[in-house]
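Please read the following walk through a protein model with its sequence and its three-dimensional view side by side. The paragraphs go from one sheet to another, and then to a pocket.

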Amino acid sequence: MGVTYDLVYANEDMEDLGVLVRYALDLAIGADENDFELVVDMSSHVCREGYYIYIEGTEYGGIVDAIRVRTAEKDITYKGRTWQGILGSKVLEPDAGEDYLVISGEANLAIGKLLERIGLSGLFVASREDSGLGINNYRMNRYIDGYTGLVKMLASAGGKLKISFQNRKVVLEAVPGMDYSQDEQFDSDLVELDLEKGYHPVNHVICLGKGDLAGREVVHLYADREGGIGKGQQLVGLEEVTAVYENVNAESMEELEQGGISLMEESRAAASRMSMSFNSDDDVYDVGDTVGAVEHVTGIMATERISKKIVGISNGNINIEYKVGE
């Protein structure tokens, strides 16, 4: 790539101690894992439990949680959580007496409040920039881990979580998610794809709320061919696929309808899927960005969000593999 990265190691107080010269660093970022392994020769042993490693200006870094020594290979492996993994080791829970944690406001301000809530507002800070993204009464999943909660919250507003280490702080910033599927599409002749296109997801949901028999709350929701949801039916006969959503605890018709909408959206998402891995010569994409692919024999085209980055850095040179879909 022509770009080298200085891997700095720092003590428990985030005081820089030096730069590693000969090493192999592997990080997994995104869906599950969110950890790293850093291998050095025994003669280059410098880290202890609780030390930090980072590359300034990037999301690559974390805390050392374990140390493995292999005398036969004469190497040492430092294992730990990435910045994402540290967020993921915290839990977002509702306030006492509340069913859900509900978040509203400008996205970066919301991130800052959540960092305080999970006790990470020292090393971790939220960007002070106005993201232009608004969080509107977002209902956090109950007892969700901090990283997943942040990612899902921002995705609800069309955003993604950008992390970078700057001046001894892990800076979290909400930015709009990028959609590369319109301008760039991966070719099945160049990458291995696993595509499935479903043509008949649920398009009619009967929402059942409180009450009994003829007094039962009932709402009918319909989807059109493009996935738009309303109360007017367009798909009938063999094209109609119906499901029932039941929630006797719904406090309002709005809550009942939202449950039906979620069922329909989940059915549409599950009907079509794309799975692939690809490498990039540059650190262009982020977890949460959307990419597209086309398979020429069937003509199937699909779009999906990047779910994971697997990063390998050896002696300053980087290689990135992206995972899309499952």
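Contact here means that heavy atoms lie within 4.5 Å. With that term in hand, and keeping in mind that this is a predicted model, one can begin with helix α4, which lies across β17 (204-208), β18, β19 and β20 and runs at about 35 degrees to β18.

The strands beneath this description belong to one sheet, an open one of four strands, in which the order is β19-β18-β17-β20 and the pairing is mixed. At its edges stand β19 (229-230) and β20 (242-246), and each has a single partner strand, so one side of each is left without a neighbour in the sheet. Strand β18, which covers residues 218-223, runs antiparallel to β19 and is joined to β19 by two bridges. For a reader who wishes to find this pairing in the view, A223 has I229 in β19 as its bridge partner.

Another open sheet has three strands, arranged in the order β10-β14-β13, and here too the pairing is described as mixed. Its edge strands are β10 (124-126) and β13 (159-166), each of which pairs on one side only. On average, neighbouring strands of this sheet are turned by 30 degrees against each other, if direction is ignored. Strand β14, residues 169-176, pairs with β10 in the parallel sense over three bridges, and within this pairing V125 has V171 of β14 as its bridge partner.

Helices accompany this sheet as well. Helix α2, made of residues 107-117, packs on the sheet and touches β10, β13 and β14, while its direction makes about 140 degrees with that of β14. Helix α3, residues 146-155, lies across β13 and β14, and runs at about 130 degrees to β13.

Strand β13 also takes part in a contact between aromatic rings. The structure holds six aromatic pairs, and one of them is formed by Y54 and F165, whose ring centres are 4.0 Å apart and whose planes are at 25 degrees, so the pair counts as stacked. This pair links distant parts of the chain, since Y54 sits in strand β5 (residues 52-54) and F165 in strand β13, 111 residues apart.

The last stop is the second largest pocket, which holds about 1000 Å³ of space. Its lining consists of 23 residues, and R139, E255, Q258, G259 and S262 are the ones nearest its centre. The elements that contribute two or more residues to this lining are β11 (134-140) and α4 (253-271). Which element gives the largest share of the lining? That share, ten residues, comes from α4, the helix that also lies across β17, β18, β19 and β20. By character, the lining of the second largest pocket divides into seven nonpolar, eight polar and eight charged residues.

Definitions and conventions. Residues numbered from 1 in each chain as written. Predicted model: local features only at pLDDT ≥ 70, side-chain atom pairs only at ≥ 80, totals over all residues. Heavy atoms only, no water. 1 Å grid on protein atoms, 1.4 Å probe; cavity = no way out; pocket = protein on both sides within 12 Å on 5 of 7 lines; lining within 4 Å. Points joined across faces, edges and corners; volume = space filled by probe spheres on them. Nonpolar A, V, L, I, M, F, W, Y, C, P; charged D, E, K, R; others polar. Pairing = 2+ DSSP bridges. Axes fitted to C-alpha atoms, helices over the stretch in contact; angles between N-to-C directions. Phe/Tyr/Trp six-rings, centres within 6.5 Å; stacked < 30°, edge-to-face > 60°.
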